[in-house]
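Work through the exercises below with the sequence and the model open. Each task is followed by a solution in steps.

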Amino acid sequence: MPSSAPLPWVIHRGRCLGAHVTFETGNSETAGIDVSTPSVARMYDWLLGGVENYAADRQECQKLLQIAPSSKILARNNRAFLQRVVRVLAQDYGVHQFVDHGSGLPTQDNVHQIAQRIEPQARVVYVDNDPSVLAHGRAALEENDNTVVLNADMRDTDRIFEHPEVQHLIDFSQPVAALFVSVLHCLPDEDRPGEVIRRVAQRLSPGSFLVVCQLVSHRADVRDRVTELMRVATHDSWGRVREEHEVRAYLDGLEIIEPGLVDVTQWRPDKRAAAKAGDEEWVEWGGVARL
């Protein structure tokens with residue numbers, strides 16, 4: 001395992017982490033946060049009951065709730081899935097290295113906190129390019145030598161995996177869990193989310209895991225209305241709500257561990273009952289593949 005030393009990090013969606021944060025272009029990445037344009041990470045923060053959001057984010061969330069009233073419940077259930085899957089992989093499968101694509105703003109029980117309760121030397125790379133996430137990540141988490149925050153686009157697999165700080169922190173000859181939790185719907189079709197997954201899979205050793213879920217709906221009106229709302233709100237920095245078969249295709253040819261690809265509330269549920277979401281609207285759908 002590589003020796004520990006000050007490291008950076010990566011993010012992009014609605015969760016967070018931290019440790020010796022490196023801003024590769026000085027302060028420019030955080031100085032110009034646009035609070036007038038909604039941020040996916042800040043909207044997710046509001047849906048979870050967080051306070052790191054602005055009026056523009058809240059206004060768009062209210063519009064989202066008009067289309068899909070269960071969105072707050074869905075966000076909480078997705079967060080609970082993230083926490084369960086990290087705990088299961090660390091505790092039951094002995095995975096102590098995680099690369100979290102699109103981590104988002106800090107909240108309770110982030111990936112490194114869960115993993116390091118089980119294995120204190122567990123190592124986590126968070127990947128994101130949202131200025132709000134970078135700014136709050138630096139402020140919230142700066143005392144963890146085994147956690148890196150990397151300012152990068154989750155589509156840039158080569159840059160992420162070849163970054164010196166990532167190479168220093170993660171031993172890619174050993175199992176790694178690559179997380180894509182509630183983030184692939186941020187990628188438009190032309191960015192080929194399935195190919196992003198496959199590029200990452202090619203970088204991982206046998207025994208590694210891919211954790212994948214995204215927003216899906218069987219209702220065309222929900223898919224179209226939410227996709228259009230988010231496209232306009234983020235100035236085209238979004239993808240689309242998809243269907244189950246499209247998420248399944250991301251993991252073609254890989255071993256899907258039990259219970260398979262499901263509504264994430266059904267993925268190895270614990271004693272804490274999931275809140276009932278509006279299944280007729282949309283769900284977070286996915287699971288875990290082993291390489």
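**Exercise 1.** Is Asp-270 buried, partly exposed or exposed, and what is its relative accessible area?

*Solution.* The structure is a predicted model, in which local features need pLDDT of at least 70, side-chain atom pairs count only at pLDDT 80 or more, and totals for chains, interfaces and linings use all residues. Residues are numbered from 1 along each chain as its sequence is written, and side-chain values use heavy atoms, with hydrogens and water left out.

Step 1. Apply the cut-offs: buried is under 20% relative accessible area, exposed is over 50%, and partly exposed is in between (1.4 Å probe, protein chains only).

Step 2. Asp-270 has a relative accessible area of 26%, so Asp-270 is partly exposed.

**Exercise 2.** Find the salt-bridge partner of Asp-270 and place both residues in the chain.

*Solution.* Step 1. A salt bridge needs a side-chain nitrogen of Lys or Arg within 4 Å of a carboxyl oxygen of Asp or Glu. The whole structure has 17 salt bridges.

Step 2. Asp-270 pairs with Arg-87, and their closest N and O atoms are 3.3 Å apart.

Step 3. Arg-87 belongs to helix α4 and Asp-270 to the loop between β8 (262-263) and β9; the two residues are 183 residues apart, so the pair links distant parts of the chain. Here helices (H or I, at least four residues) and strands (E, at least two) are DSSP runs, numbered from the N terminus.

Step 4. Arg-87 is also partly exposed, with a relative accessible area of 26%.

**Exercise 3.** Describe the salt bridges of Arg-223 and Arg-231.

*Solution.* Step 1. Arg-223 bonds to Glu-243, with the closest N and O atoms 3.9 Å apart. Arg-223 lies in helix α10 and Glu-243 in the loop between α10 and α11, 20 residues apart.

Step 2. Arg-223 is buried at 14% relative accessible area, while Glu-243 is partly exposed at 30%.

Step 3. Arg-231 meets Glu-228 in a salt bridge of 2.8 Å, N to O. These residues are 3 apart in helix α10, so about one helical turn separates them.

Step 4. Arg-231 is partly exposed at 32%, and Glu-228 is partly exposed at 38%.

Step 5. Salt bridges with shared partners also join Asp-189, Arg-240, Arg-242 and Glu-246 into one network.

**Exercise 4.** Which residues of helix α9 are buried, and why do they line one face of the helix?

*Solution.* Step 1. In α9 (residues 193-203) the buried residues are Pro-193, Gly-194, Val-196, Ile-197, Val-200 and Ala-201.

Step 2. Seen down the axis of α9, they fall within an arc of 160° (taken over the directions from the helix axis to the C-beta atoms), so they line one face.

Step 3. They pack against β2 (97-101), α7 (157-162), β5 (177-181), β6 (209-216) and α11 (244-250), contact being heavy atoms within 4.5 Å.

**Exercise 5.** What is the volume of the largest cavity, and which residues are closest to its centre?

*Solution.* Step 1. On a 1 Å grid over the protein atoms alone, a cavity is a set of points where a 1.4 Å probe fits but cannot get out, and lining residues have an atom within 4 Å of a point. Grid points are joined across faces, edges and corners, and volume is the space filled by probe spheres set on the points.

Step 2. The largest cavity has a volume of about 220 Å³. Of its 18 lining residues, Tyr-44, Leu-47, Leu-64, His-185 and Leu-215 are closest to the centre.

Note on methods. On a 1 Å grid over the protein atoms alone, a cavity is a set of points where a 1.4 Å probe fits but cannot get out, and a pocket is an open set with protein on both sides within 12 Å along at least five of seven lines; lining residues have an atom within 4 Å of a point.
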